[in-house]
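Have your viewer ready and a selection box open. We will go from stop to stop, picking residues and looking at what surrounds them.

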Amino acid sequence: MPQLTRDDRYFYLAVVCSVIGIVVCFFAIFGSVYAVLWKSFYPHGPQITVTNASLTQLNSIDYAENTLDYNLALNFTIRNRNRWVGIDYRSIQVIGAQISYKSVAVSATPFYQEGKNTTAMHALLQLQGEPREMAGVYSIDVMFVLQVVSTLPSARVFLENKDTESVLDE
């Protein structure tokens with residue numbers, strides 16, 4: 001095997017460093033493009049905001065135990081923050097989230113929401129129990145349980161056409 005001269009060793013070192021630099025630049029560019037696309041197309045969950053809450057009925061069942069029977073009317077909005085991704089709400093339940101309550105879950109009708117859209121909704125909870133009190137202020141916790149599917153608009157049209165074809169075949 002021939003002996004490498006000093007210039008040959010520097011040449012091979014320069015080639016190896018260049019290849020490593022090209023690979024690092026490739027991964028940096030690919031990672032940047034991937035991060036931008038991920039941020040643009042990754043579906044975000046819906047944003048729920050309670051706009052108004054009021055007690056429509058308030059009855060004392062057992063005054064000694066501070067047990068109340070009341071109806072809580074909620075007005076809330078559901079916002080789809082995605083630009084191109086629609087959300088198909090399969091089920092929406094609004095539940096009084098306090099353990100000591102006897103609550104009735106209210107279900108809303110399923111619907112599809114386009115991207116960058118806000119939908120106003122209403123729910124009436126019939127609650128019974130002892131509300132949590134701190135410094136003379138009563139607190140009522142409400143929990144929203146959603147079952148959703150995120151779809152792109154073209155996938156939504158495909159799914160709708162597929163459903164209508166299966167109905168027509170029967």
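**Stop 1: strand 2 and its partner**

Start by selecting strand 2 (residues 67-80), which is mostly covered, with 11 of its 14 residues buried. Buried here means under 20% relative accessible area, exposed means over 50%, and partly exposed lies in between, using a 1.4 Å probe and protein chains only. Strands are DSSP runs of E with at least two residues, helices are runs of H or I with at least four, and both are numbered from the N terminus.

Before moving on, a word about what is on screen: this is a predicted model, where local features need pLDDT of at least 70 and side-chain atom pairs count only at pLDDT 80 or more, while totals for chains, interfaces and linings use all residues. Residues are numbered from 1 along each chain as its sequence is written, and side-chain values use heavy atoms, leaving out hydrogens and water.

Now add strand 7 (residues 117-129), which pairs with strand 2 in the antiparallel sense over 13 bridges. Two strands count as paired if DSSP finds at least two bridges between them. Which residue of strand 7 is the bridge partner of Leu72? Click on Leu125 to see the partner of Leu72.

**Stop 2: the loop after strand 2**

Next, pick Val85 in the loop between strand 2 and strand 3. Is Val85 buried or exposed? Its relative accessible area is 7%, so Val85 is buried. Then select Gly115 as well: Val85 and Gly115 are 30 residues apart in sequence, and their C-alpha atoms are 5.5 Å apart in space.

**Stop 3: a charged pair**

Go on to Asp88, in strand 3 (residues 86-96), and show its side chain together with that of Arg90. The two side chains meet in a salt bridge, 3.2 Å from N to O. The term requires a side-chain nitrogen of Lys or Arg within 4 Å of a carboxyl oxygen of Asp or Glu. How many salt bridges does the structure hold? The count is 1. As background, side chains of opposite charge can pair when their charged atoms come close. Colour the pair by accessibility: Asp88 counts as buried because its relative accessibility is 12%, whereas Arg90, at 42%, counts as partly exposed.

**Stop 4: aromatic rings along helix 1**

Finally, turn to helix 1 (residues 6-41) and show Phe26 and Phe30, which both lie there, 4 residues apart, about one turn of the helix. The structure holds 6 aromatic pairs. Rings of Phe, Tyr and Trp (its six-membered ring) pair if their centres lie within 6.5 Å; planes under 30 degrees apart count as stacked, over 60 as edge-to-face and the rest as tilted. Phe26 and Phe30 are stacked because their ring centres are 6.2 Å apart and their planes are at 15°.

Step along to Tyr34, which is also in helix 1 and 4 residues from Phe30. The rings of Phe30 and Tyr34 are stacked too, with centres 6.5 Å apart and planes at 20°. Add Phe27 to complete one aromatic cluster of Phe26, Phe27, Phe30 and Tyr34. Within this cluster, Phe26 counts as exposed at 52% relative accessibility, and Tyr34 is partly exposed at 49%.

To finish, select Phe11, another residue of helix 1, which counts as exposed at 52% relative accessibility.
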